[in-house]
Amino acid sequence: MSTLRELTKEELLAPGHRMCAGCPVPTLVRMTLKALRGPTVIVNATGCLEVATSIYPYTAWRLPWVHVAFENAAAVASGIEAGFKALMRKGRWDQKVDVIALGGDGGTFDIGLQALSGALERGHDFLYICYDNEAYMNTGIQRSGSTTFGAATTTSPPGAKIPGKREWKKDLIGIAVAHDIPYAATASVAFWKDCIAKVRKGIEVDGPAVIHAITPCPRGWRHEPSESIKVARLAVQTRFFPLYEVENGKYRITLPVPNPLPVEEFLKTQGRFRHLFKPENRWMIEAIQRWVDKNYERLVKLSQL
Amino acid sequence: MKRIGLTGDEAIAYAAKQCDVDVVSAYPITPQTIIVEKYSEYVANGEVDTEFVNVESEHSALSACIGASLTGARVFTATASQGLALMHELLYIASSLRCPIVMGIANRALSAPLNIHGDHSDMMGSRDCGWIQIFAENAQEAYDWTIQAFRLSEDPEVLLPSSINIDGFIISHSMEGVEVLEDEAVRAFLPPRSDARAIDPNRPLTIGPVALPDYYFEFKRQQAEVMKKVPPVLERVCREFGKISGRRYGKFQSYGMEDARTAIICMGSAAGTARHVAKALRGKGEKVGVVKLWLYRPFPADELVRELEGLKSVVVMDRAISFGAPLGPLCSDLIGAIYGKLPKLKVMNAIYGLGGRDITAKEIEGIYREGLRMAKAKAPMVRVKYVGVRE
């Protein structure tokens, strides 16, 4: 696939779901579903995507879709993969079924990390996609292990004593790669071609694959709904969220950013960072810039190995 | 049919092996461990054609079982105590998604303090989760019930998960002579699972959606209704199993109930001791009976009322405490069942054997005699007594 025209016109996520205006998660899901190679089952962790696309008696899903709980999408996917494997071996099923698990950052970085680690360690053939909006947006913008340092959330509010979140974002791909899986990558909804190619790769590899996609949340990030894609693009252009992939341990930056914009350009698009622009908090912007630079340099070095 | 030496855990593993299970996902915990170890051996030796998913927790074990069950595969798992507690939220989901998973549970006390020995606290904490719950008295029953449970759970009218409970260590680790069926007989009794609702990419289905206040209640009401379909199917399954095994099961088993004036009601391994006591007492002319419950959920309320009609008193033995409740869990169920139907029946609730403490024949005789005294004296209708504890 190299042009938009070559993409399937089939939309497996029906319009009329109840995701918020401007939410890029349906965009990510539609891209994902355009990368399918055959029969596929979606497992969805509890979260925004799940609650807004499956409100009984309606469903937006035009393919088999399973929701079990918040923290176990990877374990449920393991079971589905094992089930079809057993049934195929015994002649009771005859098609390869791809399994894709979708979870937000809460269900992936935090409560679901154990189940994800277990599934990766066991080597199930499935793709796990984390849509990362950097907080528990479904329950009302509480901080997660993925929330950026300094960000304002309802459980890390900037107060007189503590100016926003005090901890740094977990390195999800680093954690995934440490399991020695065949494929891991980051993606941004602003770069559709890169994103779809990575999803397809993740499906095609034999074994587990993890994709970590940045999905700005207009409600939680406090930006205009019309600007989600722009914000997702700025995340990449400032090197805040570099696009790279790790194939069998080999790192490669898929979209190098030779002349990055300062991270400020990304931060200032969002109300959740507004307090960082007060003079007394400028040091936090500088700290984020140092974190961004260090992370990108690390990726450059890793990709040169 | 041959007779082999098996522990309770091994009996369950052996039965699952003969049931041609497609997927097993489990995590070891004492006193269940032998079940997953044995099954792992079967897998390693190629004695079964099963996908064994060695998960990192009981939470993931049941999650994977749910996923596998949704594909139409036959699924088995096992756990105990803290493991069952860790599965708790998934227990409800497994039954609500109508996954006919079969689970062996070697019942064990719950922490704290940490205790690995047998009581029914784990299962009682899960009694409202929509599973079929069966208690076996010994390894033979554990074996027989495991095979029957797959037929019962997978019946198109039922489609509910089942748990086969055995008392931790007392049954799970005791070697007994178990009469096992030929593999072919089990295969004929239990053909491969086929479920029209299984995941099929050619027929997209949304499983486990959100249901808000406008629909959720209706789902739960229907689930309550499904429970009522279990007893007739259970009767049918037990009848057919009786034909191939010569062993006839049902909702409960009675001993000496024809002319009994007082009965002991219990579940699990204590039933053997209770029958032994009843036999000795009947030898002395006492009219005592024993009702051993096999089926705890759905609770066979109407049948128990019929069984207890004409009795003066019953002693209900609970191997668990329901903290803050007026009675132990089994006794609460029984009172609920007989309310307004057996107004003269006096009930004694004996809470015993927590954390693996033995219950002796002498103690059971003691509570039987107290039950009898209750019937005669102007005693309250219901009494609770803790048996075998220092207080």
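How many of the 10 residues of helix H13 of chain B are buried? The views below come from a predicted model, and the first one gives the answer.

**View 1. Helix H13 of chain B, largely enclosed.** H13(B) covers residues 329–338. Of its 10 residues, 7 are buried, so the rest of the structure largely encloses this helix. The buried set begins with Pro329(B), Leu330(B) and Cys331(B). Asp333(B) and Leu334(B) also belong to it. Ala337(B) and Ile338(B) complete the set. Gly340(B) follows the helix and has a positive phi, near 80°.

**View 2. An open sheet with strands from chains A and B.** The sheet has 9 strands and mixed pairing. Their order is E8(A)-E7(A)-E5(A)-E6(A)-E4(A)-E3(A)-E1(A)-E2(A)-E9(B). Two strands form the edges: E8 of chain A, residues 250–253, and E9 of chain B. Each of these pairs on one side only. Strands of a sheet pair through backbone hydrogen bonds, in parallel or antiparallel fashion.

**View 3. A parallel pair within the sheet.** Strand E4 of chain A spans residues 127–132, and strand E6 of chain A spans residues 209–214. The two run parallel and are joined by 6 bridges. Across this pair, Ile129(A) of one strand faces a partner in the other: it stands opposite Ile211(A) in E6(A).

**View 4. The hairpin of E7(A) and E8(A).** Strand E7 of chain A, residues 244–247, runs antiparallel to E8(A). The pair is joined by 4 bridges. Tyr244(A) stands opposite Ile253(A) in E8(A). The hairpin has 2 residues between its strands. Asn248(A), in the turn, has a positive phi of about 45°. In a regular strand, side chains alternate between the two faces of the sheet. E8(A) has Tyr251(A) and Ile253(A) on a covered face. Its uncovered face carries Lys250(A) and Arg252(A).

**View 5. A positive patch on chain B.** Arg261(B) gathers on the surface with Lys287(B), Lys312(B), Lys344(B) and Lys376(B). Together they make a patch of positive charge. Arg261(B) lies in the loop between strand E10 (252–255) and strand E11 (262–266) of chain B. Its relative accessibility is 43%, so Arg261(B) counts as partly exposed.

**View 6. A nonpolar patch with residues from both chains.** Tyr56(A), Tyr215(B) and Phe219(B) make a nonpolar surface patch of about 240 Å². Tyr215(B) sits in the loop between strand E9 (206–207) and helix H9 (216–228) of chain B. Tyr215(B) counts as partly exposed because its relative accessibility is 32%.

Definitions and conventions
Residues numbered from 1 in each chain as written. Chains lettered and ligands numbered in written order. Predicted model: local features only at pLDDT ≥ 70, side-chain atom pairs only at ≥ 80, totals over all residues. Heavy atoms only, no water. Patch = residues over 30% accessible without salt bridge, like charges linked within 9 Å, V, L, I, M, F, W, Y side chains within 5 Å. Areas by Shrake-Rupley, 256 points an atom, 1.4 Å probe, with all protein chains shown as cover. Salt bridge = Lys/Arg side-chain N within 4 Å of Asp/Glu carboxyl O. Lys, Arg positive; Asp, Glu negative; His and termini not counted. Charge placed at Lys NZ, Arg CZ, Asp CG, Glu CD. Buried < 20%, exposed > 50% of the residue type's maximum accessible area, 1.4 Å probe, protein only. Pairing = 2+ DSSP bridges.
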